[in-house]
Amino acid sequence: MSPITAIVFKDIAIEYRNKEAFSSILLFGLLVVVVFSFAFEGADRDALAPGMLWVAFSFAGILGLNRSLSMETDNDCLQGLLLAPLSRSDLYLGKTAGNFIFATIAELVLLPFFVVLNNLDFDTRLFWVIGIMLLGTLGFVAVGTTLSLISAQTRMKEVMLPVLQIPMTFPVILSAVQATSMVMSGDPRGVSYPLSLLGVFSTVYLTVSYFVFEYLVEE
């Protein structure tokens, strides 16, 4: 676990100094939440809130993922990591863990703003939403870390990542929206099905990316 921990602490130290990725994720997500709250004024917020929440999480997450691997490709930092005494799988797990931490912190900060701006009453259901958020974010960053590596090697990396990420993570986002909607409606009896799908897709994305990352990074 020491190589993975070292990569995570490296990313945290860099982010602590420049605060680029976290501030970008937070500000962009907050902007999306504010725009949606005014755009759907007078609409049924309980029905629209789950989709609005996960759109904000997704767009902000893509912005953070784009920054994550582009930071390593700048000045050939990725080559230095590949020359270090660690496996390619450790590199993937370390970058995924770092992306998960940054995305989760930003989402936890965004969630209270979302509740206040949309006049929602979550009470104890907030803990359900946080659990769904953690599982959905895991699946999102698991495949997003691999896709960000692919897009970072192209000249249009800012455009390429959303083009690849949104279709690939559509099952995760859809399952997360359905689960969040059931919890917010106060009827969580059927939430086990979308939660199961969310868990399956997150596990599959994490496992496949773990084995594929080694070949992608060599290319």
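This report describes the nonpolar core, a nonpolar surface patch and one buried asparagine in a predicted model.

## Basis of the model

Local features of this predicted model need pLDDT of at least 70, side-chain atom pairs count only at pLDDT 80 or more, and totals for chains, interfaces and linings use all residues. Residues are numbered from 1 along each chain as its sequence is written, and side-chain values use heavy atoms, with hydrogens and water left out.

## The nonpolar core

The largest nonpolar core (buried Ala, Val, Leu, Ile, Met, Phe, Trp, Tyr and Cys residues joined through side-chain atoms within 4.5 Å) has 46 residues, of which W54, L91, F114, I132 and V217 touch the most other members. Helices that each supply at least two residues of this core include α3 (45–73), α5 (88–117) and α6 (125–152), and the largest share, 10 residues, comes from α6.

Beyond its neighbours within four places in sequence, W54 is in contact (heavy atoms within 4.5 Å) with residues including I132, M133, I173 and V177.

## The surface patch

On the surface, F9, I12, I101, I105, V109, F113 and L117 make a nonpolar patch of about 550 Å². Such patches are made of residues with over 30% relative accessible area and no salt bridge (a side-chain nitrogen of Lys or Arg within 4 Å of a carboxyl oxygen of Asp or Glu), with nonpolar side chains (Val, Leu, Ile, Met, Phe, Trp, Tyr) joined within 5 Å and like charges within 9 Å. The largest share of the patch, five residues, comes from α5.

## A buried asparagine

N99, found in helix α5, is buried because its relative accessible area is 7%, where buried means under 20%, exposed over 50% and partly exposed in between, with a 1.4 Å probe and protein chains only. The side chain of N99 makes a polar contact with the side chain of T145 (3.0 Å), a term for a pair of N or O atoms within 3.5 Å, of which, within protein, one must be able to donate a hydrogen and the other to accept it, while residues adjacent in sequence count only if both atoms are side-chain atoms.

Definitions and conventions: Helix = DSSP H or I, 4+ residues; strand = E, 2+ residues; numbered from the N terminus. Areas by Shrake-Rupley, 256 points an atom, 1.4 Å probe, with all protein chains shown as cover.
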